Amino acid sequence: MKRSSAIRRAVLAAATVALVVTGCTDRTGGSGGGSGGGGGTPQSPASASAPATGGSASDGSGGSGGSDGKPSSPAPSSSSAAPSSPSSSSPSPSPSAEALMKDGDENEQVRELQARLRQLDLFDRAPTGFYGSITGKSVAAFQKRRGLPVTSTVDAATWELLLSLTKEPTADELKPSTTNKLDTPDPRCMTGRVLCISKESRTLAWMIDGKVVSSFDVRFGSENTPTREGEFKVEWKAREWTSTIYHTPMPYSMFFSRGQAVHYSADFAARGYAGASHGCVNVRDRAKLAALFDQVKPGDKVVVHW
């Protein structure tokens with residue numbers, strides 16, 4: 001009898017864990033889950049006003065997993081765990097070295113830091129201006145490569161060396177329209193008001209009469225929950241929405257195909273293409289998507305193509 005109860009408790013615990021599945025916006029990849037997730041009964045006013053987990057609207061950051069989207073406690077550095085012996089050949093961090101930039105900072109100097117690290121292929125996304133664990137890992141990689149104490153924070157020595165090895169970032173490097181290069185628009189995107197979405201380049205271009213007004217990096221559903229391809233229309237919009245299937249926030253949702261929508265994803269902002277949606281088109285730049293949301297109208301065309 002005790003064995004049966006223990007088994008039942010284990011099954012219930014596993015079921016509880018299985019229910020903690022992220023929604024259309026947040027998916028760790030490859031298998032399981034359903035598509036869509038946006039339709040259904042509207043959430044209560046209390047939950048509707050709750051902001052998405054993560055960083056500020058201006059930096060396009062957010063989400064979980066200890067990344068540039070959400071501050072996390074830095075892991076102890078092996079180089080600072082114990083003082084080095086005099087015979088040690090590897091440098092140790094100086095206790096007096098003041099951090100100019102560190103985890104949790106958010107400003108334009110951090111944006112410049114990210115842009116300069118990107119010039120050295122050490123930062124693989126558009127600069128956000130937010131210093132999270134992804135930036136910390138990039139800084140640590142730079143420090144290790146150049147023989148500096150590996151602290152994951154930027155002190156004067158790290159910053160001065162980085163400045164000497166890189167050029168001043170251009171405006172486009174600091175705030176690129178997209179990380180990915182836009183694909184050639186599908187012919188169906190060349191007339192009218194269109195959300196032109198390319199799976200090939202993983203981009204969304206907001207186009208009016210054949211001209212690109214703004215563009216975004218996007219990601220799609222997994223192999224088991226694919227984003228539908230074809231020509232659609234924006235059916236309805238919701239500035240604040242929570243998936244009725246996966247119970248995750250879907251800010252700035254623009255629904256176009258039976259529950260599938262274009263919307264902001266804090267998880268995409270935090271983890272990039274390491275994850276996938278449950279069928280929706282995820283956008284990681286919250287501020288730009290908020291501006292687009294105000295421009296798009298129900299009835300505008302949506303084209304999802306390769």
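Two strands pair if DSSP finds at least two bridges between them. That cut-off serves the strand exercises below, all set on a predicted model.

**Exercise 1. Overview**

Task: State how many helices and strands the protein has, and what share of its residues is buried.

Solution:
- Start with the elements. The protein has eight helices and nine strands.
- Turn to burial. Of the 306 residues, 44% count as buried.
- Add the surface. About 15,100 Å² is exposed, and carbon and sulfur atoms supply 56% of that area.
- Finish with contacts. Take those between residues at least 6 apart in sequence: 64% of them join residues at least 24 apart.

**Exercise 2. The sheet**

Task: Give the strand order of the sheet and find which strands stand at its edges.

Solution:
- Read the order. Nine strands form an open sheet, S4-S9-S1-S2-S3-S8-S7-S6-S5. The pairing is mixed.
- Find the edges. S4 and S5 each have a single partner strand, so one side of each lacks a neighbour in the sheet.
- Check the twist. With direction ignored, neighbouring strands are turned by 25 degrees against each other on average.
- Look at one pairing inside the sheet. Strand S3 (residues 211-219) runs antiparallel to strand S8 (residues 281-283), joined by two bridges. Here Arg219 stands opposite Asn282 of S8.
- Place the helix that crosses. Helix H8 (residues 286-295) lies across S1, S2, S3, S5, S6, strand S7 (260-264) and S8. H8 runs at about 130 degrees to S3.

**Exercise 3. Strand S9 and its partners**

Task: Work out which strands pair with S9, and in which sense. Then explain why S9 counts as largely enclosed.

Solution:
- Take S1 (residues 193-198). Five bridges join S1 to S9, and the two strands run parallel. Cys196 has Val303 of S9 as its bridge partner.
- Take S4 (residues 230-233). S4 pairs with S9 in the antiparallel sense, over four bridges. Phe232 has Val302 of S9 as its bridge partner.
- Check the faces of S9. Lys301, Val303 and His305 are buried on one side. Val302 and Val304 are buried on the other.
- Conclude. Five of the five residues of S9 (residues 301-305) are buried, so the strand is largely enclosed by the rest of the structure.

**Exercise 4. Two helix pairs**

Task: Classify the packing of H3 with H4 and of H4 with H5 as oblique or roughly perpendicular.

Solution:
- Fix the descriptors. Two packed helices are described by the angle between their axes and the distance between the axes.
- Apply them to H3 and H4. Helix H3 (residues 108-119) packs on helix H4 (residues 133-145) at about 50 degrees, with the axes 11 Å apart.
- Classify. Roughly parallel means under 35 degrees, and roughly perpendicular means 65 to 115. H3 and H4 are therefore oblique to each other.
- Name the contact residues. H3 supplies Leu113, Gln114 and Leu117; H4 supplies Thr135, Ser138, Val139 and Phe142.
- Give the hand. The crossing of H3 and H4 is left-handed.
- Move to H4 and helix H5 (residues 156-165). Their axes come within 11 Å and cross at roughly 80 degrees. H4 and H5 are therefore roughly perpendicular to each other.
- Name the contact residues. Val139, Phe142 and Gln143 of H4 meet Thr158, Leu161, Leu162 and Leu165 of H5.

**Exercise 5. Two positive phi values**

Task: For Arg202 and Tyr252, give phi, then the loop, then the burial class.

Solution:
- Arg202: phi is positive, about 55 degrees, although the residue is not a glycine. Arg202 sits in the loop between S1 and strand S2 (203-208). Its relative accessible area is 34%, so Arg202 is partly exposed.
- Tyr252: phi is near 55 degrees, again positive in a residue other than glycine. Tyr252 sits in the loop between strand S5 (236-238) and strand S6 (253-257). Its relative accessible area is 12%, so Tyr252 is buried.

**Exercise 6. Ser253**

Task: Is Ser253 buried or exposed, and which residues does Ser253 touch?

Solution:
- Locate the residue. Ser253 lies in strand S6.
- Test burial. The cut-off for buried is under 20% relative accessible area. Ser253 has 0% relative accessibility, so the residue counts as buried.
- List its contacts. Leaving out residues up to four places away in sequence, Ser253 touches Trp236, Lys237, Ala238, Trp241, Ala261, Val262, His263 and Phe293.

Key:
Residues are numbered from 1 along each chain as its sequence is written. This is a predicted model: local features need pLDDT of at least 70, side-chain atom pairs count only at pLDDT 80 or more; totals for chains, interfaces and linings use all residues. Side-chain values use heavy atoms; hydrogens and water are left out. Buried means under 20% relative accessible area, exposed over 50%, partly exposed in between (1.4 Å probe, protein chains only). Contact means heavy atoms within 4.5 Å. Accessible areas come from the Shrake-Rupley method with a 1.4 Å probe; for residues, only the protein chains shown count as cover. Axes are lines fitted to C-alpha atoms, for helices over the stretch in contact, and angles run from 0 to 180 degrees between N-to-C directions. Angles under 35 degrees count as roughly parallel, over 145 as roughly antiparallel, 65 to 115 as roughly perpendicular and the rest as oblique. A crossing is left-handed if the near helix is turned anticlockwise from the far one by less than a right angle, and right-handed if clockwise.
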